[in-house]
Amino acid sequence: VPVLPTRPAAPAPAPHAGTDMQSDAQQHAALATYARFWCLHQLAPFADQAFALAGAMDHRMIDESCQTGPGACLRAHFDYDWLVRLPLALACLLFPGRRLLLLAHLVN
C-alpha cells in the first residue's frame, strides 16, 4: 500500500489575536476622542474672536502682537493662525489620525 504524503498542519492561531485587534480598535477610538476634544479646545478662541463673544477667551495666541514687539515675528507678514492653525484643527476634527494630530500639535 503506497503511503501518501501528508500536508503539514496549519499553524494554530495566536491565542490573543482577537484581543489585539480589539485593543487596536479601542486605542484608535480613544485617540479619535482625544483629537476631537483637543480640536474643540483649539477652535474655541477662533470662534470667540469670529463671533465677538465679549472676550470669553484669551486671544493672545491669535492676535497680531508678539512678545518682542510688533513686526518682530512672522505674524506681521503672514496670518499663521487663520491660514495654518485653523485648517489643521478643522482637519483633525474631521479626520482624527495619529500623523495629522501630531502635525497639528507640532504646528500649534
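**Notes on a predicted three-helix chain**

1. Let me start with a single residue: Leu-90 lies in helix α2. Helices here are DSSP runs of H or I with at least four residues, strands are runs of E with at least two, and both are numbered from the N terminus. Leu-90 is partly exposed, with a relative accessible area of 38%. On this scale buried means under 20% relative accessible area, exposed means over 50%, and partly exposed is in between, using a 1.4 Å probe and protein chains only. From Leu-90 to Ala-104 the C-alpha distance is 9.9 Å, with their places 14 residues apart in sequence.

2. A word on what you are looking at. This is a predicted model, in which local features need pLDDT of at least 70 and side-chain atom pairs count only at pLDDT 80 or more, while totals for chains, interfaces and linings use all residues. Residues are numbered from 1 along each chain as its sequence is written, and side-chain values use heavy atoms, with hydrogens and water left out.

3. On confidence, pLDDT is the predictor's own score for each residue, from 0 to 100. The protein chain has a mean of 76, and 60% of its residues reach 70 or more. Confidence is lowest in α1, with a mean of 85, and highest in α3, at 92. Where pLDDT is low, the predicted coordinates should not be read in detail.

4. Now the overall layout. The protein chain contains three helices and zero strands, giving the pattern α-α-α along the sequence. Of its 108 residues, 19% are buried. The accessible surface is about 8,300 Å², and carbon and sulfur atoms account for 66% of that; these areas come from the Shrake-Rupley method with a 1.4 Å probe, and for residues only the protein chains shown count as cover. A contact means heavy atoms within 4.5 Å. Among contacts between residues at least 6 apart in sequence, 47% join residues at least 24 apart.

5. Helix α2 deserves a closer look. Its 15 residues reach 21 Å from first C-alpha to last, close to the 21 Å expected at 1.5 Å a residue, where the expected span is 1.5 Å times one less than the number of residues. The buried residues of α2 are Asp-81, Arg-85, Leu-86, Leu-88, Ala-89 and Cys-92.

6. Which residues make up the largest nonpolar core? The seven are Ala-35, Trp-38, Cys-39, Leu-88, Cys-92, Leu-101 and Ala-104. Helices α1 (17-51), α2 and α3 (98-107) each supply at least two residues of this core, and α1 gives the most, with three. By definition, such a core is a set of buried Ala, Val, Leu, Ile, Met, Phe, Trp, Tyr and Cys residues joined through side-chain atoms within 4.5 Å.

7. Two core members are worth tracing. Leu-88 sits in helix α2 (residues 80-94) and counts as buried because its relative accessibility is 14%. Beyond its neighbours within four places in sequence, Leu-88 is in contact with Leu-100, Leu-103, Ala-104 and Val-107. The C-alpha atoms of Leu-88 and Leu-101 are 8.5 Å apart, at 13 residues along the chain. Ala-35, not counting residues up to four places away in sequence, touches Pro-96 and Leu-101.

8. A polar residue to check: Gln-42 is found in helix α1. Is Gln-42 buried or exposed? Gln-42 counts as buried, at 7% relative accessibility. Leaving out residues up to four places away in sequence, Gln-42 touches Arg-85, Ala-89 and Asn-108.

9. Finally, the aromatics. One aromatic pair turns up in a search of the whole structure. The ring centres of Phe-46 and Trp-82 are 4.9 Å apart and the planes are at 80 degrees, so the pair is edge-to-face. Rings of Phe, Tyr and Trp (its six-membered ring) pair if their centres lie within 6.5 Å; planes under 30 degrees apart count as stacked, over 60 as edge-to-face and the rest as tilted. Phe-46 lies in α1 and Trp-82 in α2, so the pair ties together parts 36 residues apart in sequence. Phe-46 is buried at 4% relative accessibility, whereas Trp-82 is partly exposed at 29%.
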